Amino acid sequence: MESFGTRLHRAITDRGPLCVGIDPHPGLLARWGLADDVQGLDRFTRTVVEALGDRVAVVKPQSAFFERFGSRGVAILESTIRQLRDAGSLVLLDVKRGDIGSTVSAYASAYLDPSSPLYVDAVTASPYLGVGSLAPMFELAAEHGGGVFVLALTSNPEGAAVQQARTADGRTVAQTVIDEISQLNRGATPLGSFGLVVGATIGDTGHDLSGVGGPLLAPGLGAQGAGAADLRTVFGSSLASVLPSYSREVLSAGPDVAALRAAADRVLVDCRAVLPAR
Ligand SMILES: O=c1ccn([C@@H]2O[C@H](COP(=O)(O)O)[C@@H](O)[C@H]2O)c(=O)[nH]1
């Protein structure tokens, strides 16, 4: 079976280095002329799938915006995941899960076991119960060709106080996460299946990302203020591994399908101007 890293590498080669998030904020639903209810959610997500499912490498539904509608929202998330997979994009579910290992096993089953209704290509995970506690996710991902993106240096301003705090050996908390994920990817070609989340907003923090060997998901572009040019400052010599991620910047072009496609094409052009050719 092909690894997630191999599948992601191919998707990026074929479709370009871009992840677009599905974040149906109440304000976006209103802007699209949709009600803030499950019907509005369903129409919103179907439109994004129609516009982008067959042209963007990775689509990242934000679970929170589906969960807020309870079981009917989660049913729409399940359906959205199926539609995206049918359309050919990789699905990265942004759920930022993390817990003690025995509970992480259940999260792994929920998202990374092909028999689950919420099965996706990759998930986001939080390392703040220790990177080792995420082992059941790493193991199930490896078994079924899935991927895990672990939070390292998040795009929000509050993140730095925790993530850039120093540990007893002098490394930052983020660098310990970076180093552990690098170990997991060792020897993987063309790309490892275990990624990191590093916000495009954080500036030059001096962290060493050169040995990660896996994808570096870069949210914070567009609505949070970072632009494609900031990728150079944040990622330096690791730009070749960056997967830029935009949600509101693209989604606000809707509900017109052609306008959504044009917005995704535009941000991809911006990113290609900065990232090395892949
Ligand atoms: O550090 C992080 C990690 C995750 N996110 C998520 O990405 C999108 C960003 O949406 P925009 O509309 O492009 O701002 C959202 O789902 C966040 O939860 C992040 O922003 N930063």
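A polar contact is a pair of N or O atoms within 3.5 Å. The model on screen is predicted, and this tour starts from one residue and moves to the ligand.

Select Lys96 first. The unreviewed UniProt entry places the feature "active site" at this residue. In the model, Lys96 sits in strand β3, which covers residues 90-97. Is Lys96 buried or exposed? Partly exposed is the class for Lys96, because its relative accessibility is 39% and that class runs between the 20% limit for buried and the 50% limit for exposed.

Next, show what surrounds Lys96. Not counting neighbours within four places in sequence, the residues in contact with Lys96 are Gln62, Thr124, Ala125, Ser126 and Leu151. Then add Asp94: its side chain and that of Lys96 are joined by a polar contact of 2.8 Å.

Now turn on the ligand. From Lys96, find the polar side-chain atom that lies 3.4 Å from an oxygen atom of the ligand. How much of the ligand does the protein cover? On its own the ligand has 460 Å² of accessible area, and the protein covers 88% of that.

Select the residues around the ligand. There are 14 of them, and those that come nearest are Asp23, Gln62, Ser155, Gln224 and Arg248. Two of these are worth a distance label. For Gln62, draw the line from an N or O atom of its side chain to an oxygen atom of the ligand, a distance of 3.0 Å. For Ser155, the partner is a nitrogen atom of the ligand, 2.6 Å from an N or O atom in the side chain.

How values were computed. Residues numbered from 1 in each chain as written. Predicted model: local features only at pLDDT ≥ 70, side-chain atom pairs only at ≥ 80, totals over all residues. Heavy atoms only, no water. UniProt positions renumbered as here; feature names shortened; annotations may be inferred. Helix = DSSP H or I, 4+ residues; strand = E, 2+ residues; numbered from the N terminus. Buried < 20%, exposed > 50% of the residue type's maximum accessible area, 1.4 Å probe, protein only. Contact = heavy atoms within 4.5 Å. Polar contact = N/O pair within 3.5 Å; in protein donor to acceptor, adjacent residues only side chain to side chain. Near = heavy atom within 4 Å. Areas by Shrake-Rupley, 256 points an atom, 1.4 Å probe, with all protein chains shown as cover.
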